[in-house]
Amino acid sequence: MATRRISSACLVQSSRSAFLVAPWIHFRPQHIPRGRHFQTTSICLINTANTSAKRDPAPKIIRGQSKLFKDADAAVRDLKSGSVILSAGFGLCGTAETIIAALERRGKDGLNNLTAVSNNAGAAGGGGLSPLVASGQIGRLILSFLGANKFLEKKYLSGEIAIELCPQGTIAERIRAGGAGIPAFFTPTGINTLLQSGDIPVRLGSVDKATGKSTILEKGKPRETRIFDDKVYGMETAIKGDVAILRAWKVDEEGNCQFRYTTKAFGQVMGKAAKITIVEAENIVPVGDIHPDNVHLPGIYVDRIVPSLVEKVIEIRKLKEVEGQAGEGKKSEALLRRERIARRTSKELKHGYYVNLGVGIPTLAPSYLDSETKVWIQSENGLLGMGPYPTEDEIDADIINAGKETVTMVPGASTFDSAESFAMIRGGHIDVSVLGALQVSANGDLANFMIPGKVFKGMGGAMDLVGNPDQTKIVVATEHVARDGTPKIVEMCGLPLTGAKCVSTIITDLCVFEVDRVKGGLTLTELAPGVDIEEVRSKTGAKFAVADDVKSME
């Protein structure tokens, strides 16, 4: 593979793209040149001893002693303040609630200043890491998504907690690398975004009375970049934990673990990346009861086993609509717009395709496929072959989608961990990915994860999903204008980017645009019934060409 490095600097230097000003202080639209708009850095290799003298807050491992502990309180009694905790689970699916409760009982005086690594830090209504955030025992978080957790968002904006936002697939791979002894790797995720430039603040300070804006106590870290085969990649460092906490369906007395369905998400990778791994087991079974082919996490990685005592919580209980009830009465204009977008989006899903659908409008698209068209829907929390929402009898707390909703699986489905899921995504094995948007630019830039000063939800898996647009077609399905009437399709995005030059097709309630990702520019190819070109122009914040043969959206 051809590689290239630019810059003669011997020291590692920060790589800055166009995003030099942190949005919490002052944010200006991102101007991205048509050609290359990245910088790369090089390093000078210096031979030093391959040793370190870092502190070790993790408890010691004593080989040969029983891994069974009578309860979670006994298993966490010797955990130390300042530890890095890897907390498995996705939303509230597969989280170690029994162990988290025991950590909370240690209290802030007994256990504090923790750094927690998780996909998200619990739900707004409690569960997951929420108790430890509320108690003040966690001082720092590395996560990809806050979602609707306004309590955590408020703590971040007020400077009470530090949050390092990191794309979901990157977190998974950083943890996997930590467990595999790989110190760093290069990824296309986040290039030409605030992630690359380090302009997403980790910790905020007090509000400056003169400007009314928060000060920044800790900035993000710029990514070193390298060019491989004429494409820019950013370097990410591995994540290793002092302690990993996870929940498994079956665990034998030697620590072999079997997970159930989408509870695998972060359980397998986190169990391998910590010095001490504590597993709460729904079922503790004798050695030999788990068939070797069904061991998802070998006992070599597990040090302590405790019984799981907390009932599973379903974060979003989503059920299949009963035939005859859906669509009763007059549909609202908003619903009609969403259905129009979803119906047209379904035409992007060809027979045999492997597709990933973002939350919201994209998830409606499969409803409009004909019976002869079969697609495989991938959910980035570790499910390929996602089916419709369940009936009351089918609901299973261990089967959820990326939106934390209960779902079903079709025959031939498979489940896997988050590292495997994003290997599929970054590797270009997904044919089409459909996402929503806050803004889309005329050259295919996408912004859909935050509004500075207003919305701080995190990027989840979106940056990974748009990281390989040459192999995975990126389709945006969104209403044409925002709630306040401002255009979502603009000449240049004024919001932080999820990805640059990644969108190929834009489907709205008014029309369809095809995007020239190489030269830049939009071409209107389809119009919704009753919509004319002038209406589209009046509601679009970017110039566009019109195809010679404009078709009708169906």
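Two strands count as paired here if DSSP finds at least two bridges between them. On that basis, this predicted model contains an open sheet of 10 strands with mixed pairing, in the order β18-β17-β16-β15-β19-β24-β26-β27-β28-β29. The edge positions in that sheet belong to β18 (409–415) and β29 (545–552), each of which pairs on one side only, and the twist from one strand to the next averages 25°. The points below set out the chain as a whole, then the annotated residue Glu380, then the strands around β27, and lastly a sheet of 3 strands.

**The chain as a whole**

- The secondary structure of the chain comprises 11 helices and 29 strands, and 53% of its 554 residues count as buried.
- Among contacts in the chain with a separation of 6 or more, 74% come from residues that are 24 or more positions apart.
- The area that the chain exposes is about 24,600 Å², of which carbon and sulfur atoms supply 51%.

**Glu380 and its surroundings**

- UniProt lists Glu380 under "active site", and the entry in question is unreviewed; such annotations may be inferred rather than shown by experiment.
- Glu380 sits in the loop between β16 (376–379) and β17 (383–386), and both of these strands appear in the open sheet of 10 strands.
- Is Glu380 buried or exposed? Its relative accessibility is 9%, and because the cut-off for a buried residue is under 20%, Glu380 counts as buried.
- Leaving aside residues up to four places away in sequence, Glu380 touches Gln168, Asn356, Ala402, Ser421, Phe422, Ile425, Gly461 and Leu465.
- With one of these residues, Asn356, the contact includes a polar one between the two side chains, at 3.2 Å.

**Strand β27, its partners and helix α8**

- Strand β26 (residues 505–507) and strand β27 (residues 511–515) run antiparallel and are joined by 3 bridges, while the hairpin that connects β26 to β27 passes through 3 residues.
- Within this pairing, Ile506 stands opposite Phe513 in β27, and Ile507 stands opposite Val512 in β27.
- In a regular strand the side chains alternate between the two faces of the sheet.
- β27 also pairs with β28 in the antiparallel sense, over 5 bridges, and here Val512 stands opposite Glu526 in β28; Val512 therefore has a residue opposite it in β26 as well as in β28.
- The hairpin of β27 and β28 has 6 residues between the strands, and in this hairpin Gly520 takes a positive phi near 85°.
- Because 4 of the 5 residues of β27 are buried, this strand is largely enclosed by the rest of the structure.
- Helix α8 (residues 333–345) lies across β19 (432–435), β24 (473–477), β26, β27 and β28 (522–527), and runs at about 145° to β26.

**The sheet of 3 strands**

- A further open sheet consists of 3 strands in the order β21-β20-β25, and its pairing is mixed.
- Its edges are formed by β21 (446–447) and β25 (489–490), and because each has a single partner strand, one side of each is left without a neighbour in the sheet.
- Strand β20 (residues 439–441) runs parallel to β25, and 2 bridges join them; the bridge partner of Ser441 in β25 is Val490.

How values were computed: Residues are numbered from 1 along each chain as its sequence is written. This is a predicted model: local features need pLDDT of at least 70, side-chain atom pairs count only at pLDDT 80 or more; totals for chains, interfaces and linings use all residues. Side-chain values use heavy atoms; hydrogens and water are left out. Buried means under 20% relative accessible area, exposed over 50%, partly exposed in between (1.4 Å probe, protein chains only). Contact means heavy atoms within 4.5 Å. Accessible areas come from the Shrake-Rupley method with a 1.4 Å probe; for residues, only the protein chains shown count as cover. A polar contact is a pair of N or O atoms within 3.5 Å; within protein, one must be able to donate a hydrogen and the other to accept it, and residues adjacent in sequence count only if both atoms are side-chain atoms. Axes are lines fitted to C-alpha atoms, for helices over the stretch in contact, and angles run from 0 to 180 degrees between N-to-C directions.
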